[in-house]
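Trainee: I should like to go through this structure step by step. May we begin with the sheet and then turn to the helices and pockets?

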Amino acid sequence: MDSIMSTIVNRRSIRSYTSEKISKNDITKILTAASWAPSGNNLQPWKFSVVMNNEELIKRLSSLTIYQSWLQTSPCLIAVFLDTKVVDNKVEGIYLKHVQAIGAAIQNMLLAAHELGLGTCWIGEILKNEDLVKEMLGASKELELMAVISVGYPNKNNIRSKRRVISENIISWF
Ligand SMILES: Cc1cc2nc3c(=O)[nH]c(=O)nc-3n(C[C@H](O)[C@H](O)[C@H](O)COP(=O)(O)O)c2cc1C
């Protein structure tokens, strides 16, 4: 097993997948990793909709983004929702913490997938079509779409992003 630091540093967004199918067991592990994320008051405000072994639905969802050409080749898409039923209220700041918990859950998913040899990409651009995504997935009205995550075995030709040097990000260190 990779050390956590090596998993964090080596994970990259993957936008090109092989046609190899993913096991249900691996998706379950990825969702388990999500569920162990921290959340305000341990409310665990996340819900997931998994689309795999359904090329037609993957194509329809992909068509809601500008990334259709590569996204539709993903063997699996996972829609991540915030369950507004479990969220105290929408007061600014309080609502934000639940959204942050979803971010933590998604990051756990990406890291767990990487450790399983799977590639992922976090798709936020699809949020502009939240209503259509919810309709396609039959998601109930209290669920708010946070992201769609593509999952698949990485092709070799993926671009690897870089980072600024850490000193540029530190504004103070007392
Ligand atoms: C909130 C969020 C939304 C994102 N939305 C998209 C997206 O719509 N399409 C895409 O290709 N990548 C998307 N990404 C992935 C970023 O482009 C990527 O994480 C960034 O370029 C750094 O590259 P890396 O993940 O390979 O380290 C998103 C990432 C985050 C955190």
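Mentor: This is a predicted model. Its open sheet holds four strands with antiparallel pairing, and the strand order is 1-2-4-3.

Trainee: Which strands are the edge strands of this sheet?

Mentor: An edge strand pairs on one side only. That description fits residues 46-52 and residues 119-123. The edge strands are therefore strand 1 and strand 3.

Trainee: By what angle are neighbouring strands of this sheet turned against each other on average?

Mentor: The value is an average over neighbouring strands, with direction ignored. On that basis the turn is 25°.

Trainee: Over how many bridges do strand 2 and strand 4 pair?

Mentor: Strand 2 covers residues 76-83 and strand 4 covers residues 143-152. Within strand 4, V151 stands opposite C76. The two strands pair in the antiparallel sense, and the number of bridges is eight.

Trainee: Which strands does helix 2 touch?

Mentor: Helix 2, residues 24-35, packs on the sheet. Its direction makes about 165° with that of strand 1. The strands touched by helix 2 are strand 1, strand 2 and strand 4.

Trainee: At what angle does helix 5 run to strand 2?

Mentor: Helix 5 spans residues 94-115. This helix lies across strand 1, strand 2, strand 3 and strand 4. Its angle to strand 2 is about 155°.

Trainee: Are helix 3 and helix 6 roughly parallel or antiparallel to each other?

Mentor: The axes of helix 3 and helix 6 (residues 130-137) come within 10 Å. They cross at roughly 170°, and an angle over 145 degrees counts as roughly antiparallel. Helix 3 and helix 6 are therefore roughly antiparallel.

Trainee: How many residues of the contact of helix 3 with helix 6 are nonpolar?

Mentor: Helix 3 contributes L57, R60 and L61, while helix 6 contributes V133, M136 and L137. One residue of this contact is charged and none is polar. The number of nonpolar residues is five.

Trainee: Which helix supplies the largest share of the lining of the largest pocket?

Mentor: The largest pocket holds about 260 Å³ of space and is lined by 14 residues, with K21, E55, T73, S74 and P75 nearest its centre. The lining divides into four nonpolar, seven polar and three charged residues. Its largest share, three residues, comes from residues 55-62, that is, helix 3.

Trainee: Which residues are the closest to the centre of the second largest pocket?

Mentor: The second largest pocket has a volume of about 200 Å³. Helix 5 and strand 3 each supply at least two residues of its lining, which divides into four nonpolar, seven polar and four charged residues. Among the 15 lining residues, the closest to the centre are R12, I14, H114, P154 and R160.

Notes:
Residues are numbered from 1 along each chain as its sequence is written. This is a predicted model: local features need pLDDT of at least 70, side-chain atom pairs count only at pLDDT 80 or more; totals for chains, interfaces and linings use all residues. Side-chain values use heavy atoms; hydrogens and water are left out. Two strands pair if DSSP finds at least two bridges between them. Axes are lines fitted to C-alpha atoms, for helices over the stretch in contact, and angles run from 0 to 180 degrees between N-to-C directions. Contact means heavy atoms within 4.5 Å. On a 1 Å grid over the protein atoms alone, a cavity is a set of points where a 1.4 Å probe fits but cannot get out, and a pocket is an open set with protein on both sides within 12 Å along at least five of seven lines; lining residues have an atom within 4 Å of a point. Grid points are joined across faces, edges and corners, and a volume is the space filled by probe spheres set on the points. Ala, Val, Leu, Ile, Met, Phe, Trp, Tyr, Cys and Pro count as nonpolar, Asp, Glu, Lys and Arg as charged, and the others, Gly among them, as polar. Angles under 35 degrees count as roughly parallel, over 145 as roughly antiparallel, 65 to 115 as roughly perpendicular and the rest as oblique.
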